[in-house]
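Biologist: Please give me a close look at one part of this model, chain A, and take me from its overall layout down to individual residues. Then carry on to whatever it touches.

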Amino acid sequence: MEHYNMNLTLKVWRQRNNQATGSLETYLVKDISSEMSFLEMFDVLNEQLIVAGDDPIAFDHDCREGICGQCSMHINGRAHGPWTKNTTCQLHMRAFQDGDTIVVEPWRSKAFPVIKDLVVDRSAFDRVIQAGGYISVNTGNAVDANSLPIDKKDADDAFMAAACIGCGACVAACVNSSAMLFVSAKVSQLALLPQGEPERESRVLNMVAQMDKESFGNCSNTYACEAECPKGISVANIARMNREYLKAGLSTES
Amino acid sequence: MAFDSKIPSGEMKEKWNDYKGHVKLVNPANKRKLEIIVVGTGLAGASAAASLGEMGYKVKAFCFQDSPRRAHSIAAQGGINAAKNYQNDGDSVFRLFYDTVKGGDYRAREANVHRLAEVSNAIIDQCVAQGVPFAREYGGLLSNRSFGGTQVQRTFYAAGQTGQQLLLGAYSALERQVALGNVTMYTRHEMLDVVIIDDKARGIIARNLVNGELEKHFGHAVLLCTGGYGNVFYLSTNAMGCNVTAAWKAHKKGAFFGNPCFTQIHPTCIPVSGDYQSKLTLMSESLRNDGRIWVPKQKGDNRKAVDIPEEERDYYLERRYPAFGNLVPRDVASRAAKERCDEGYGVGTTKLAVYLDFKDAIIRYGKIEQGKQGDTNVTEADTIRLGKAVVEEKYGNLFEMYEKITGENPYEMPMRIYPAVHYTMGGLWVDYELQTTVKGLYALGEANFSDHGANRLGASALMQGLADGYFVIPYTLGNYLADEIRTSAIPTDHPAFAATEKEVSDRITTLMNIKGTQTVESFHKRLGKIMWDKCGMARNEKGLQEAIVEIQALKKEFWSDLRIPGDTNSMNPELDKAGRVADFIELGELMCMDALDRKESCGGHFREESQTEEGEAKRDDENFSYVSAWEYKGESDWQLNKEPLEFEIVKPTQRSYK
């Protein structure tokens, strides 16, 4: 790859805390290498700010290899930035050109309140999982792993749904701040597997109820969630969850 | 101080069964009255917290991330070992035990390793029952692959995301216990000290990372499941937040530190590209199943990889180690790569890289697919297309990750890779029950030292984390807590809590008041460079002595010229990092002292003074067959205690993978 350096203008959301009013602040960064990751560019900016005596920008990140789901920036109007099937930490500066202006904001959703700058509170996702995103099997209760053959296609589909990293990009990308892609991925994974069968109905009902309680919005089928999902989780999971929900609703009422 | 590893007597294969049969129990009514603190929610912590919650204990779990699901176990790619022998290829509990002791270069405790091998099968069963979507064959049964240092296929996997799937399994079990009220979860909290009352661990001081408040939490026992300390090198495959702080505070309160110099340098990582680099990314060892490692035969060959003809390539692992080839253990593969690059055969712009090539695998798989389709009239392009599809199914996410980082397509040209710090075998010293030298204080998973000796085999970290959490601690902790049923919860206004809280708060004030000119990051980078240059893949006496002097000087500079912006009563990531780097600096010194003491080469610890004529690591069993258990005595002052290692079953020999 050809390397190049660039100078950039950044407009970054600054907000002291949950109560404060935030605003976009402008920063200049120079000699950014096209080989840097987007967060390494933020490291450079933060070092500049600290040396200048300013408060560095708070942002969530941890693994920096696209799997922990902690990074969460809305970059130029897109969750995780311009590359598809990608997280912010894996976005590299070769996606930009010298002279570009880049606008960086936190996830915007009532269910994800801002804690500071670009850091938001996504504990709503944990509470949705608590409502039923598991199979109730205590340690030591399991039978031999190969006593339960599973159709390879079902296993593969369950894996594809389970690849969700819980970053919240689906919510951030959605005009309604819907969490349907996140919730349906977990419902699908467990509905596709025979181990999930005993709690199949209560799971979908309880998880959806919790999702609504957390003030996520409704799904209006724009599919922005799938387009921005760094792991390519399919909206087919939403259709599956709707079927599961309908079936469960009918059988519990009868 | 005397210390006892508490290895049960009796035959190796009966020890764990006998132990379980005779261990003290806590009845269900008493479990409800006992409180347990679990720090860290990776595989070890999440599985322990969930299992103990299920048993009826009152558990408080802590993690510094925004959710327990983010813990760095999530990034493990390749797989998890178990002695299922589903492939009918001669595997057994004994083989897994033997391979692990040998792979660890005879520096692990046999009894612990045997127990690990024994419980390995139950882990797979438990995970499948939780809905972990492991890879399967068309018949619907579980699939396996090979990993380094073994000649059987015992690794279970979920594409290149095995750690993620196992952690999400443990996380969902944990969240279920949260919902049931058995576990209280504290996210964005960092443990900053352990509280000790009458020589027993009775709680922790944690800092709420959102509002900066210090909190006091009581527990009848404290479990540290806080991972490894690879970030002492600044650049490693660890997550940015991985740190030694919890373990280090425990160490300074009396827990011995075991084999701190035993560091694993993973052979296949994406090479460093510039000074701004913040972390390194692993390319799973599973790639060595199919990828072939090579460098040009000619020094300083600047041609593109694809332009170098077959006969001018040196497949140096296959040449040096014909029996294991590209699947030699990690320490051996890393040193071999370093040797070639040091000799001037490295590739890429920095010349600190070797090739990992999938061309042959793509063609081989392509031909197999053609065979399945019964099509004989195909072009080479078809073969390659079919082969790429197979490789994509096996390693697709890794290839994608490589392309995002480097901008190069590994299906078309070989990957460039180089060794990087990945895992630390050393950690808090624990006995057979996973208890540290402080009563009531336990260490699980990568945070302890016990099972991997001087080198961990691939796919064994996930196994150990889950073994400790699901199947070991639920038994061994009861043996301690059975004697604690009369201890009622100690109120956190007890003077010991107040005193420890004050220590923590004073340290934070001191850090904030330095008001110097240099950033935390710049100190961390300098520490990392000292460690990598002088306590990295190769170590020698002179370098280690220099490193100790340099680290002490760095420490002085850190405490006199550090700049932390912001304040203590709101979110302040720079302050969080400062505390961690301060602890890394102290640990770095101890690692160098340990490496200096161990005048032998073993596993990942390579002392240049101790090598065979062929440049292989030369162990010295006569003088160094012991675990180094370091006792903290004061600033830059440690006492070395030795736990002798006795090998009843696997007799130490020169490790050979030739």
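Modeller: Happily! Chain A has been assigned two domains, domain 1 (5–116) and domain 2 (123–253); such bounds come from an automatic or database domain assignment. What you see is a predicted model, in which local features need pLDDT of at least 70 and side-chain atom pairs count only at pLDDT 80 or more, while totals for chains, interfaces and linings use all residues. Residues are numbered from 1 along each chain as its sequence is written, and chains are lettered from A and ligands numbered from 1 in the order in which they are written.

Taken over C-alpha atoms, the centres of domain 1 and domain 2 of chain A are separated by 30 Å. Their contact takes 18 residues from domain 1 of chain A and 16 residues from domain 2 of chain A; two residues are in contact if their C-beta atoms, placed from the backbone, lie within 7 Å. On the domain 1 side of that contact there are 6 nonpolar, 8 polar and 4 charged residues. For these classes, Ala, Val, Leu, Ile, Met, Phe, Trp, Tyr, Cys and Pro count as nonpolar, Asp, Glu, Lys and Arg as charged, and the others, Gly among them, as polar.

Now the chain as a whole. Chain A holds 8 helices and 7 strands; these are DSSP runs numbered from the N terminus, with helices (H or I) of at least four residues and strands (E) of at least two. Along the principal axes, the C-alpha atoms of chain A fill a box of roughly 65 × 45 × 35 Å. Of its 254 residues, 53% count as buried, meaning that 20 or more other C-beta atoms lie within 10 Å of the residue's own (12 or fewer would be exposed, in between partly exposed, with C-beta atoms placed from the backbone). Among contacts in chain A between residues at least 6 apart in sequence, 71% join residues at least 24 apart.

Strand S1 (residues 5–14) of chain A is a good place to zoom in. S1(A) pairs with strand S2 (residues 23–33) of chain A in the antiparallel sense over 9 bridges; strands count as paired if DSSP finds at least two bridges between them. Within this pairing, Leu8(A) has Val29(A) in S2(A) as its bridge partner. S1(A) is also joined to strand S5 (residues 101–105) of chain A by 4 bridges, and these two run parallel. There, Lys11(A) is partnered by Val103(A) of S5(A).

Next, helix H2 (residues 123–130) of chain A. Because 6 of its 8 residues are buried, H2(A) is largely enclosed by the rest of the structure. Those buried residues are Ala124(A), Phe125(A), Asp126(A), Val128(A), Ile129(A) and Gln130(A). They pack against helix H5 (180–192) and helix H6 (200–213) of chain A, together with helix H6 (162–179) of chain B.

H5(A) and H6(A) also meet each other. Their axes come within 11 Å and cross at roughly 175°, where axes are lines fitted to C-alpha atoms, for helices over the stretch in contact, and angles run from 0 to 180 degrees between N-to-C directions. H5(A) and H6(A) are therefore roughly antiparallel; that label applies to angles over 145 degrees, with under 35 roughly parallel, 65 to 115 roughly perpendicular and the rest oblique. From H5(A), Val183(A), Val187(A), Leu190(A) and Ala191(A) take part, facing Arg200(A), Arg203(A), Val204(A), Met207(A), Val208(A) and Met211(A) from H6(A). By class, this contact has 8 nonpolar, no polar and 2 charged residues.

Finally, the partner chain. The contact between the chains takes 66 residues from chain A and 65 residues from chain B. On the chain A side, the elements giving two or more residues are helix H1 (38–51), strand S6 (114–116), H2, helix H3 (152–162) and H5. H1(A) supplies the largest share, 6 residues. Sorted by class, the chain A side has 29 nonpolar, 21 polar and 16 charged residues. As for chain B itself, it is divided into domain 1 (31–262 + 425–484), domain 2 (266–421) and domain 3 (514–619).
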